[in-house]
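Visitor: Hey, I'm new to this one. Can you walk me through its pockets?
Guide: Sure, let's pull it up.
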Amino acid sequence: MNRRLFLAAALLSSLATPAGAQQNEYPTRPVRLIVPAAAGGATDLVARLIAQHLSQSWPHPMVVENRPGGGGVIGTQVVARAPADGYTLLMGAINHTINASLVKNLPYDTVGDFTFIAGVVSIPNVLVVNPKVPVHSVTEFIRYSQTHDDLTFASSGNGTSQHLSAETFRMATGAKYQHVPYKGSAPAVTDLLGGHVDLMFDNLPSAAPNIRAGKLRALGVTSAQRNPAFPDIPAIAETVPGFDVKSWFGLMGPAGLPREVIDKLHVEMVRVFAQNDVQQWLDKMGAQAQVTDPAAFDAYVHQEIKRWAEVVKASGATVQ
């Protein structure tokens with residue numbers, strides 16, 4: 001009899017449990033946010049912004065774990081192989097969609113092995129030149145490049161958004177320059193400042209201090225409109241209609257994440273990026289919050305894979 005009463009009480013208790021209890025319980029332990037890049041870059045900064053705010057409001061912390069290497073492949077593979085329980089997530093970025101066509105024999109399926117939770121931030125690049133290059137506008141630069149075949153542009157490596165921004169510009173305008181890839185953005189900028197290379201399509205947050213100091217001359221941002229943090233820098237699209245290239249960042253997880261985990265994480269992204277201090281931080285970076293829902297983020301990823309495949313093919317870039 002006692003056993004029957006115990007079972008009945010247990011059944012009533014389970015029926016009384018709210019349908020969303022599983023969601024409310026997540027997370028019950030620390031969550032790893034894998035950054036497939038070195039510390040200090042834009043991907044890492046966005047990840048740490050998210051982790052800081054979630055750790056303040058969650059019962060358990062979100063811990064950023066940098067796994068650089070392979071142009072983002074090494075860290076991304078960690079997440080692709082992780083259990084689909086919401087405790088290992090990925091700070092996805094534009095290189096995820098570029099690598100789909102750039103890297104041969106990827107150890108994961110760019111789409112099928114992942115859950116796309118929310119796009120969160122976009123950052124434009126900016127066309128900057130060393131002040132010795134005698135141009136002051138995008139129009140002047142295009143004309144100058146077509147009569148000077150010795151111009152060189154730096155990037156943080158083959159297949160990066162910096163590299164492919166330049167290739168997209170070349171395809172749209174017929175501009176002429178030679179690619180000089182570096183192992184990271186810092187040495188590329190150093191050589192640009194020293195005049196060893198002529199130009200670069202750098203991330204706006206990275207270029208901003210040198211633009212403000214007059215060490216680099218900004219000709220145009222790669223977003224479709226001018227950036228609110230730098231309203232005096234024209235958009236390249238004002239000269240080259242339709243030109244629009246942005247680095248983007250989004251929260252991803254392994255394929256098969258439970259719906260309640262996806263929904264909670266998406267709600268958290270909306271909450272975090274609506275906060276005033278986060279908005280102010282992004283404004284200083286020249287970045288913009290663009291929180292999209294899972295379906296929209298998934299569609300955007302498919303669109304970006306197709307877009308960059310065309311640019312990679314035209315540029316001839318490849319990574320084994």
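Guide: We'll go through two pockets in turn, and keep in mind that this is a predicted model.

Visitor: Okay, how much space lies in the largest pocket?
Guide: About 1,100 Å³. It is lined by 40 residues, and the closest to its centre are A37, S156, T160, G184 and S185.

Visitor: Which element gives the most to that lining?
Guide: That's α5, with 5 residues. In the sequence, α5 covers 94–102.

Visitor: And what else supplies at least two residues there?
Guide: Besides α5, you have the helices α3 (42–57), α7 (161–173), α8 (185–193) and α9 (204–212), plus the strand β9 (246–254).

Visitor: How do the lining residues divide into nonpolar, polar and charged?
Guide: There are 21 polar and 18 nonpolar residues, with 1 charged.

Visitor: Switching topic: what volume does the second largest pocket have?
Guide: About 150 Å³.

Visitor: Which elements give two or more residues to its lining?
Guide: Those are β4 (114–129), β9 and α12 (294–315). The largest share comes from β4, with 4 residues. And β9 is one you've met already, as it also supplies at least two residues to the lining of the largest pocket.

Visitor: So which residues line the second largest pocket?
Guide: Going along the chain, G119, V120, V121 and S122, then K246, W248 and F249, and after those Q290, T292, A296, F297 and Y300.

Visitor: What's the split by class in that lining?
Guide: It has 7 nonpolar, 4 polar and 1 charged.

Methods:
Residues numbered from 1 in each chain as written. Predicted model: local features only at pLDDT ≥ 70, side-chain atom pairs only at ≥ 80, totals over all residues. Heavy atoms only, no water. 1 Å grid on protein atoms, 1.4 Å probe; cavity = no way out; pocket = protein on both sides within 12 Å on 5 of 7 lines; lining within 4 Å. Points joined across faces, edges and corners; volume = space filled by probe spheres on them. Nonpolar A, V, L, I, M, F, W, Y, C, P; charged D, E, K, R; others polar.
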